[in-house]
Structures are given as structure tokens and as C-alpha cells.
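Let's walk through this one together, starting at the ligand and finishing at a helix. Have a look at the sequence and the fold before reading on.

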Amino acid sequence: MDQTTKPPPHVLIFPLPLQGPVNSMFKLAELLCLAGIDVTVVVTEHIHGRLLRYTNIQDRFNHYPGFQLKTIPDGLPADHPRSGDKFMELFDSLKAKTKPIFKDILTSDCLTAAGSRRPVDFIIADGSLGFTCDVANEIGIPIVYVRTISPCCLWVFFCLPKLIEAGELPFKPAEDDWDVLIKNVPGTENFLRRRDLPSFCRLGDLDDEQVQFYKSEGEENSRARGLILNTFEELDGHVLSQMRTICPNLYPIGPLHELLKAKLSTQKATPLPASSSSLWQEDRTCMTWLDSKPLKSVVYVSFGSIATLTTDQLMEFWHGLVNSGIPFLWVIRPDSIAGKDWESNIAADLREATKQRGYIVGWAPQEEVLAHPAIGGFLTHNGWNSTVESIYAGVPMICWPYFLDQLVNSRFVSEVWKLGLDMKDTCDRSTIEKTVRDLMVVRKQEFTERATEMAEFARNCLKEGGSSYCNLERLVKDIHSMMS
Ligand code: UDP
């Protein structure tokens, strides 16, 4: 069959069932649909239920004839939190229970049932779902991984065997000095400290399941034909060149959320309704509240979709924010506070002070919030999506990393990119108050200038001929050429 009459490739996308990866993989799916590729996104039943409840995602994708959504069980009971300290159970369950079903789905004809699409030619899966690569290899379908965590942390994962071999890990969490510099992560020797390593390194136990899981990441990721990353060359060039020594074929196509907007803006067709893949109900009233605030006057506070706070930490943040005197918009996710009845324990004077300068929602339209002119800073847990969104929006950050890659990200934000202040390992009201004032008042000009400069780089890489734009074109070309 000649190239012009060949049906389009059929790509199966399998995101890790968490908010950040779901957000970026749906954007990638839409980018591929726009490039004329048939796409099946497989999501867990748990995620599917929440997408149906809170989003119009299916309406949005109905626009693309080549798009379909399929579901798969994650093997956990319906009431499992899938967050906080139960987070790793999700990985275990996916590996044990979802793998065989994934293979059945790929080998049955249910994926070709809709229309005239070809069987799956190509898989794009989250790189922490290693079983997808086993199945792809068994069946003989090419696979590329997507990593929705940061490249800087992925690079640390790649170096874990070296850190262990050199005796830098384990260190004794209770006794050793956490400010000692790490020597065996090439390119980071001058700034990466023990305390900036992924959180499981603090356990001091090489047998821990997370250490075991993440230390094979280098090997695992090099099994795939390439790695798609939500970053751009101008931000992460040094780390990417280190990573290419292990995984030569990288596709840095970030900031993904904005690459999609840029592509959509060039379409001649009627604009699509705005879409969201939020797994919580977005409270849009905060946008009206922001409209009433002066330019760059508000600090936005959010710790993402997985982090949980103790009631003590909640109270320290609350007092710190109120005492700073800076207006704040705070996302307190319904399931994010460990401990019941915390709301009834908030003193009347604190409630009153909050009414004067704060606004609290359960979930916000974050990309829109960050793009709002009233936002001057972001107090964040440095999940990678939030970090990239903040960089694109030109908003400086106060970093309060919660776990995993966030500890590495916050060090890069503060020491490498100079885009904010790292507050890791502290959570007292006076430090919070001071850090908020430092970012929003004392060093405002310095951080705003730097953030504006980096945002400009981010915008340029999405333009025709820009690095992320070209990397996406290369990905689409490679999908076509790997088609059997
Ligand atoms: N997010 C949102 N509304 C909120 C808080 C977060 O839409 O109120 C989105 C945010 O824009 C980001 C994702 O949720 O895309 C969180 O992903 P991230 O990687 O930052 O953190 P994680 O949730 O994985 O810890």
C-alpha cells in the first residue's frame, strides 16, 4: 500500500493514574490527534469515574474521529485513598493485577472495534509502568515512555546505582549531616545535597521497596525506544545531555500544556471548548476574587493532588500566610488534611483575618490561576507539572516539597534556575511569614525579572522552529516510521 493511502497509525497511551500524569498524557493524546494519528487512551476505572464526574473531557475528544477512551481496573478497592502514604500500593497493584488485563486488551480485537482503525501500532506509556514494556516486547509493538516527573530527578534515579556503589547511599538519617554535597550525580556536584535527594533516600535502608524500585530506572528507561519529557532544552539542556548518555532518544516537548494551546491556535477550525482533566471539582469563584486584586499582589498556595498535611502543618501555614500580610489564594483539597474536624478547630480571629486577605478553595483551575495578572508568587510542593506551569506563567516560587522528585525540583528551582526560595524541611509560621514576604516584597524585582526571562524561553520553544515544536514533529515522524 502506498504511503498516501495507508490508514493513520494507532497509538495507545497509558498514563499513570494520578492527576499530574493524566493531565499531561491527555494533552499529548490531543496533540497526536491533531497530527492525524488515531489514539486510544487507557485509564483506570477509578480515574474514568472521576473524569466523567468532574470534566467534559469526552465531549472535547468527541471532536476527534480517531480518539477513543478505554478503561482498565487498577486492582484496588474503591475506597482506597491512592495518595499520601498509601501511594506506593497503587504501583504494586498495577503491576500485579493490571498487567495481565493490559495484555488481554492489546491482543483482543476490542481496540479495533471502533471504526476502521488499525490494531495498535505503537504504545506510549508512563515509564513507571514497566510492565507495559514487558507486554509490548512480548507482542512486538514499539514503545516509548513518557516521564511526567522532572528530568533532574530522573537523572538522580539513573545515578542511584553509582551513589550506592560509591557509598554515598545509604546515609544515616538521624546522625549524618544532610548538607553534605553529593559527588556522584554528574553535573550537580556544586549544589545537590543529601537533603535534596528523592525522599526515599532519607530512609537509610537500601532494601526499602522504593529504593529497589527506583534504582533500576536507568535500565528500565533505556528499554523503551525513547523518552518523552515535559521540559524544554533551554531549561534542562545540561541534565538532558547527561541523560542522553543512557537514553539517547529523548523528546523534550514541554511545556506540554502550552504546546497544545499553541498548536490549537494555528488550527483553522472553530475553536474547541476549554477542556480540563481535573479529578476534583474546580471552584472557579477564585477567578472573580483574583480579578479584584492588584497586579502581582497575590501568593497562590497549592500542594498538588497527592500531598497531605498534618493539622499542625496546616496551622503553621495558616498563621504564616495570615501574618505575612500578603493576599493569598489557597487550595485545600478535601482529602489533603490528615485528621478529622480540622475545620472546627480554626480560631475565630484566624477565620476573620483570612476573610480579609485570603480565599480558600477545594480545587482551582490552576493553569488559569497562574496566568492571572494578580498572581505574584506560588507556594508549591514542586510537583513537576506545577513547576513547569509556574515557569511558563513567569511566576516565582516558594518551594515546600513533599516527597519523591519534589525535593530535587525545589533545589533546581532555587539554586540552578534562580526562580524562587526553597523552604524544604521547615514548617514553622515565622519562616513561612518571612519567606512569603521575601519573595513577594523584599526580593520581588529580582525574582520577577528572572521568571519573566525564563517564561520567554518557554514561549519561544513552542514556536515553529522552536525546540519543543521540532521535537514533537520528530516524535510524529518516528511514530509513522515505526509503524509496521
Ligand atoms: N491542579 C489543579 N488544581 C489545583 C491543584 C492542582 O488543576 O487546585 C493541577 C496542576 O495544574 C497540575 C496537577 O494538578 O497539573 C498536579 O500535578 P503536579 O505534578 O504538580 O503534582 P502532583 O499532584 O502529582 O503531586
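A residue counts as near the ligand here if its C-beta atom, placed from the backbone, lies within 6 Å of it. With that in hand, 19 residues surround the ligand, and the ones that come nearest are Gly20, Gly304, Ser305, Gly383 and Ser386.

Keep in mind that this is a predicted model. The protein has an average pLDDT of 93, with 96% of the residues scoring at least 70. For the complex, the predictor gives an ipTM of 1.00 and a pTM of 0.95.

So what is the shell around the ligand made of, in terms of nonpolar, polar and charged residues? The split is 11 polar, 6 nonpolar and 2 charged. Three helices each put at least two residues into the shell: helix 1 (19-34), helix 14 (366-371) and helix 15 (384-393). Helix 15 makes the largest contribution, with 4 residues.

Now turn to helix 19, which covers residues 467-482. Its 16 residues, at 1.5 Å a residue, should span 22 Å, and the end C-alpha atoms are indeed 22 Å apart, so expectation and model agree. Which residues of helix 19 are buried? They are Ser467, Ser468, Asn471, Leu472, Leu475 and Ile479. Look down the axis of helix 19 and these buried residues fall within an arc of 135°, which means they line one face of the helix. The spacing makes sense: an α-helix has 3.6 residues a turn, so residues three or four places apart point the same way. Over on the other side of helix 19, Lys477 and Ser481 are exposed.

Technical notes:
Residues numbered from 1 in each chain as written. Predicted model: local features only at pLDDT ≥ 70, side-chain atom pairs only at ≥ 80, totals over all residues. Nonpolar A, V, L, I, M, F, W, Y, C, P; charged D, E, K, R; others polar. pLDDT = per-residue confidence, 0-100. Expected span 1.5 Å × (residues − 1). Buried ≥ 20, exposed ≤ 12 C-beta atoms within 10 Å, placed from the backbone. Arc of directions from axis to C-beta.
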